[in-house]
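Trainee: Could you take me through one part of this model slowly, beginning with a single pair of residues and working outwards from there?

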Amino acid sequence: MYIKQISVYLENDTGSLRALTKTLAEKHIDMLALSIADTTNFGIARLVVRSADIEPAVAALREQGFVAKTTAVVGIAVANVPGGLDGALAAIESKGLPIEYMYSLNAVSGSNALMVLRLTAPDEQTDVATLLADSGITLVAQEDVDKL
Amino acid sequence: MKVTENKIYNPEAECMDRAALRELQDRRLVETVNRVYNNVPLYRERMQAAGVKPEDIKGVDDLHLLPFTNKTDLRDEFPFGLLAAPKSEIVRIQGSSGTTGKPIVAGYTRNDVDVWTEMVARSLTAAGAGKDDIIQVTYGYGLFTGGLGAHQGASQVGAMVIPMSSGNTQRQLMMMHDLGATMLCCTPSYAIYLGESLKELGYDPKEFRLKSGCFGAEPWTEEMRKKLEGLFDINAYNIYGLTEIGGPGVAFECCAKNGMHINEDHVIAEIVDPETGEPLPYGESGELVFTTITKTGMPMIRYRTHDICVLDDSPCPCGRTHLRMGRITGRTDDMLIIRGVNVFPGQIESVLLRIPGVAPHYQLIVDRVNSTDRLEVQVELTDEMFSDTVADVEKLQHTITEQIKSVVGIAAKVKLVPPKAIPRSEGKSKRIIDNRDLTK
């Protein structure tokens, strides 16, 4: 029950983000989500694409000299109403799971908004998705994202 | 600018007739060659391999028969393999950067510390030092020869020493101001930094009593001299040395400010062709080679400094008869001097190889910004090292920075770059981009 995120290292140079979008555009890859973490020294772009596009995207990026890797992240669907996200985060909090980062997918599923989260598992054995199974949160997997 | 009185610490030695000096060198060289042949296996083996017996060396004219010594020998014989005196006679260890992660060390007998102290005393005296002076030593104290060397020399001339060591600009200026320091010993780039910080910190340059300074441990330019002299209204003198030969004071500038007098009663200087090793005549540019002739702990025979300069035997108006060496115009190896610290790319490589997942693809970029050296180490990031979280990438960057600081001794800015961003197989020199102009 995970989404496969592509993470890309970006240098803090003019044009480095454009080089990324150009690479993906040339391969006709549709980005379903894009989030950028920026620091004073570097940036990390995180993106979600459809399953069929993951390998070609990573290959194309590496070809262009980017450092890219895939990471399993948690997708959740939250009611697209005030307080919708808050309820979900309260459930995650009750499980004691720290949130490393979070961003939204640029699509909705019915009346739900879709969010991507990187949760820190308490240890390597723990599967975060399993831990959330009884939390009442609606998990979104890569297969669900593929249909968007 | 204040006028520096032409003072000579040891006129008998420093103004010695050149024929008498040659005789002294001949005698001391023979003694040194016998000492190392009888006490240091490496020297004995090298001489035997070259077919040279101690009795073949009758004086300076025979020097060229002796094999060279290199920094790699100090690394290979680390720590005590090159000692020519019993360990019980060694009273001091000083050290410097090695070409890899390990430093090189030199052992000093009581005699060697005295010789070194005398050389620094001569240097400081040439810059006007005497018992009425208050000398602020801003070189680092420790294995690095700068701090203790200047300290000993300043004590020797009877001056009041302020042993500040390096760093903490505010405190340096406060002490310099409040105690009325008359001389400063530090790297030229830090001296300029102090001078530039002075006004920012609200001081009036007129409130300082500084008259001169001995600046060394890194190459500098006439432009920097002018700037430094203007900032503090002082005379700025160049001083040269290296741990292997003793430390700062091996050579120093006099009031003529036209080359550094080499303490020839303690060392013999040669200029050789860096490629062939053939000695070159005075006036020609080549690699500087030193032979120590009074050190007893760790004498050095034809030690290759890798520094490129010119030797000048023309008479000096100051009255000293010793040869002068010009400014260092370059290196024959890939050593960099950054903020007075010797840095070899091999040291950086050894650091990177020890960090799991880090590929040893790197490039060093050196700039001089506001008279201060900046080192940027670009390291190629691999998919393995990369993480989707900022914290992990920052941790990696921090680890590399800390390791470099601990091994090399200087703070570098670490920049992670994409794979293959650094040019490959274009020779060693591509590892370094030095944007500093040290020729003027």
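Mentor: In this predicted model, look for Asp367(B), whose bridge partner in strand E19(B) is Arg374(B). Once you have found that pair, follow the two strands around the pair: strand E18 of chain B covers residues 362-369, strand E19 of chain B covers residues 372-380, and the two run antiparallel, joined by eight bridges.

These two strands belong to an open sheet of four strands in chain B, and if you read across that sheet you meet them in the order E20-E19-E18-E21, with mixed pairing. At the two edges lie strand E20 (413-417) and strand E21 (432-434) of chain B, each of which pairs on one side only. As you move across the sheet, notice that neighbouring strands are turned against each other by 20 degrees on average, when direction is ignored.

Now add the helix to your picture: helix H11 of chain B, residues 390-408, packs on this sheet and touches both E19 and E20 of chain B, and the direction of the helix makes about 135 degrees with that of E20(B).

For a wider view, turn to chain A, which has five helices and seven strands, arranged along the sequence in the pattern β-α-β-β-α-β-α-β-β-α-β-α. The radius of gyration of chain A is 16 Å, close to the 15 Å that the globule rule gives for 148 residues, so chain A is as compact as a globular protein of that length. Of those 148 residues of chain A, 31% count as buried.

Key: Residues numbered from 1 in each chain as written. Chains lettered and ligands numbered in written order. Predicted model: local features only at pLDDT ≥ 70, side-chain atom pairs only at ≥ 80, totals over all residues. Rg over C-alpha atoms; globule rule 2.2 N^0.38 Å. Buried ≥ 20, exposed ≤ 12 C-beta atoms within 10 Å, placed from the backbone. Pairing = 2+ DSSP bridges. Axes fitted to C-alpha atoms, helices over the stretch in contact; angles between N-to-C directions. Contact = placed C-beta atoms within 7 Å.
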